[in-house]
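Please open the structure in your viewer and keep the selection panel at hand. The tour proceeds by selecting a few residues at a time.

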Amino acid sequence: NLWKALRESFAIFVGFLILIVVFALLSCALFKDAAPQYFGTPLDAIYSTFRMCTVEGWYEIPDAVANTMSPSVVGWVRIYFVFILITGGIIGLSLVNSIFVDAMVSDNNDELEKDVKALTRTVEELRDEIKHLNNR
């Protein structure tokens, strides 16, 4: 089941990683001077963006960036980070998790469907037999 779940969720997982890298590179370009501890290098930016997407440091990283920006830009910076949190952390991570879990349990559903079909066939055969006996 684990291998099947990994195969079925691979494309979504890769898409999630691409989303993180794109946001990280954009954040690195925008905020490397404002918060070099989080966005100084592309690897730092990828790690910081991953932290925000996993809701680890979702408030401290944007606050560190906003504290170094001018008051006229702070609102836009916060909106940018809220967008990252919603798309990466809430929607993205939840989507990856739900597809993985669904693939893990889907094998159990297949067996249950086979059992239900076999029981349905048996009930239909018994019903036909009862009809045949009643017609005599």
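The stops below go from helices to cysteines, salt bridges, a loop and a surface patch.

The model is predicted, and every value quoted here is computed from it.

**Stop 1: Ser27**

Begin by selecting Ser27, which belongs to helix α1, spanning residues 2-31. Is Ser27 buried or exposed? With a relative accessible area of 0%, Ser27 is buried. Next, display its surroundings: apart from residues up to four places away in sequence, Ser27 touches Lys32, Phe39, Tyr80 and Ile84.

**Stop 2: Thr87**

Move to Thr87, located in helix α5, a helix that covers residues 71-134. Draw a distance from the side chain of Thr87 to the backbone of Phe83: a polar atom of that side chain lies 2.8 Å from the backbone oxygen of Phe83. Which residues does Thr87 contact once neighbours within four places in sequence are left aside? They are Leu19, Phe23 and Gly92.

**Stop 3: the cysteines**

Now select Cys28 and Cys53. How many disulfides does the structure hold? The count is zero. For Cys28, the nearest cysteine sulfur belongs to Cys53 and is 16 Å away, and Cys28 is in no disulfide. Cys53 is likewise in no disulfide, its nearest cysteine sulfur being that of Cys28. The pair is not counted as a disulfide because the sulfur atoms are 16 Å apart, whereas the cut-off is 2.5 Å. Colouring by accessibility shows Cys28 as buried, at 9% relative accessible area; Cys53 is also buried, at 0%.

**Stop 4: the salt bridges**

There are two salt bridges in the structure. For one of them, select Arg51 and Glu60, whose closest N and O atoms are 2.7 Å apart. The partners fall into separate accessibility classes: Arg51 counts as buried at 14% relative accessibility, while Glu60 is partly exposed at 31%.

For the other, select Arg78 and Asp63, whose side chains meet at 3.8 Å, N to O. Why does this pair tie together parts that are 15 residues apart in sequence? Arg78 lies in helix α5 and Asp63 in helix α4 (residues 60-66), so the salt bridge links those two parts. Arg78 is partly exposed, with a relative accessible area of 40%, and Asp63 is partly exposed at 31%.

**Stop 5: Asp33**

Select Asp33 in the loop between α1 and α2, the latter covering residues 36-39. Asp33 counts as exposed, because its relative accessibility is 71%, over the 50% cut-off. Add Val65 to the selection and draw a C-alpha to C-alpha distance. The two residues are 32 positions apart in sequence, and their separation in space is 9.3 Å.

**Stop 6: a nonpolar patch**

Finish by selecting Val82, Ile86, Ile90 and Ile91 and showing the molecular surface. These residues make a nonpolar surface patch of about 350 Å². Focus on Val82, one of the patch members, which is placed in helix α5. How accessible is Val82, and what is its class? Val82 is partly exposed, with a relative accessible area of 44%.

Definitions and conventions:
Residues numbered from 1 in each chain as written. Predicted model: local features only at pLDDT ≥ 70, side-chain atom pairs only at ≥ 80, totals over all residues. Heavy atoms only, no water. Patch = residues over 30% accessible without salt bridge, like charges linked within 9 Å, V, L, I, M, F, W, Y side chains within 5 Å. Areas by Shrake-Rupley, 256 points an atom, 1.4 Å probe, with all protein chains shown as cover. Salt bridge = Lys/Arg side-chain N within 4 Å of Asp/Glu carboxyl O. Helix = DSSP H or I, 4+ residues; strand = E, 2+ residues; numbered from the N terminus. Buried < 20%, exposed > 50% of the residue type's maximum accessible area, 1.4 Å probe, protein only. Contact = heavy atoms within 4.5 Å. Polar contact = N/O pair within 3.5 Å; in protein donor to acceptor, adjacent residues only side chain to side chain.
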